[in-house]
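Let's take a friendly walk through a protein model, looking at its aromatic rings and its cysteines. Have a look at the structure first, then read on.

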Amino acid sequence: MKEIKYIVDTTLRDGEQSPGIALRREDKLKIAKLLDNVGVYEIEAGIPCLGQSESDCIGEIVSCARNAKISVWSRMNVEDVKKSLVCKPHILHIGTPVSYIQIYSKLKKNKAWVQKNILDCVDISLSKGIDVTVGLEDASRSDIGFILSLIKELKKSGVKVIRLADTVGVLTPGRTKEIVETIKAHTDIEVEMHVHNDLGMAVANSIIGAKAGAAYVDCTLFGIGERTGNCNFYDFIHASEEIFQFAMTKKQVRELEAECYELLKGAM
């Protein structure tokens, strides 16, 4: 029996950061409905703190969803988290810097500051009954010791899933396998792969991550996304359906792409 893997589609969040597209409310609702119908486990619908229009659209997507869980992205900031919860998503995803480049050079903070702030944000969301996934930003360039210690604190606070984010797209298959296996061996938390395609290995790294134990894989339609894009939804299913079980077939994803092509072609 093939192992079941779950697709998290981030076309409406990471994909929309592609140059060349600007989705209208009705476009987002149409794409979300199609993703829901095809069996995507989770739809990352956007970033509420971008403004009232974005927040209202996400709220409508939440109310229309029949099968998929709807998540929203938030910075690791208490005020942003509170604004994000207004949409009443099923899942709040909190981006959390974990590399020393981001923590010390970019933010001028330290590891203790990161740990305190993410735990405060998690507590606010869970106290409202909203599940949390924590995105370990720039995890591919991070100290694995800090990642493991942070995950253990997150598990104590009630977090069940972490997103391994290859923020700058530098992961290789070998390094992907090493990181995922280390996290699973020391923490047994659920892992979600989120990789970028800067080195042309987003699909390969996602497959290796899934084989190493990640249950969730982030994809976008046509592989669109910032810079060179994300893991291509169709290519990932096509390349790995012989080893994993998905809720959808590659034929269904092709049909989904055809229905969304006119809305997303500017990003390709």
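What follows is a short tour of aromatic pairs, a charge over a ring, and the cysteines.

## Aromatic pairs

Keep in mind that this is a predicted model. A quick word on the language: a pair of aromatic rings is described by the distance of the centres and the angle of the planes.

How many aromatic pairs are there? The count comes to seven. One of them brings together Tyr6 and Tyr41: the ring centres are 5.1 Å apart and the planes sit at 55°, so this pair counts as tilted. Along the chain, these two residues are 35 apart, and the pair links distant parts. Tyr6 belongs to strand S2 (residues 6-9), while Tyr41 is found in the loop between helix H1 (25-38) and strand S3 (42-44).

## A cluster of three tyrosines

Tyr41 also pairs with Tyr216, again in a tilted arrangement, with 5.4 Å from centre to centre and 45° between the planes. Here the partner comes from strand S9 (residues 216-219), and Tyr41 from the loop between H1 and S3, so the pair ties together parts that are 175 residues apart in sequence. Put together, Tyr6, Tyr41 and Tyr216 make up one aromatic cluster.

Are these tyrosines buried or exposed? Tyr6 is partly exposed, with a relative accessible area of 32%, and Tyr41 is partly exposed too, at 24%. Tyr216 counts as buried, because its relative accessibility is 12% and the cut-off for buried is under 20%.

## A charge over a ring

Tyr234 has a charged residue over its ring. Which residue lies over the face of Tyr234? That would be Arg254, at 3.6 Å from the ring centre.

## Cysteines without bonds

Now for the sulfurs. A disulfide is a covalent bond between the sulfur atoms of two cysteines. In this model, the count of disulfides is zero.

Why is Cys87 not in a disulfide? Its closest cysteine sulfur is the one in Cys49, and that is 8.6 Å away, too far for a bond; a disulfide needs the two sulfur atoms within 2.5 Å. Cys87 counts as buried, at 6% relative accessibility.

Cys121 is in no disulfide either. For Cys121, the nearest cysteine sulfur is that of Cys49, 11 Å away. Cys121 is buried, with a relative accessible area of 0%.

Note on methods:
Residues numbered from 1 in each chain as written. Predicted model: local features only at pLDDT ≥ 70, side-chain atom pairs only at ≥ 80, totals over all residues. Heavy atoms only, no water. Phe/Tyr/Trp six-rings, centres within 6.5 Å; stacked < 30°, edge-to-face > 60°. Helix = DSSP H or I, 4+ residues; strand = E, 2+ residues; numbered from the N terminus. Buried < 20%, exposed > 50% of the residue type's maximum accessible area, 1.4 Å probe, protein only. Lys NZ or Arg CZ within 6 Å of the ring centre and 35° of its normal.
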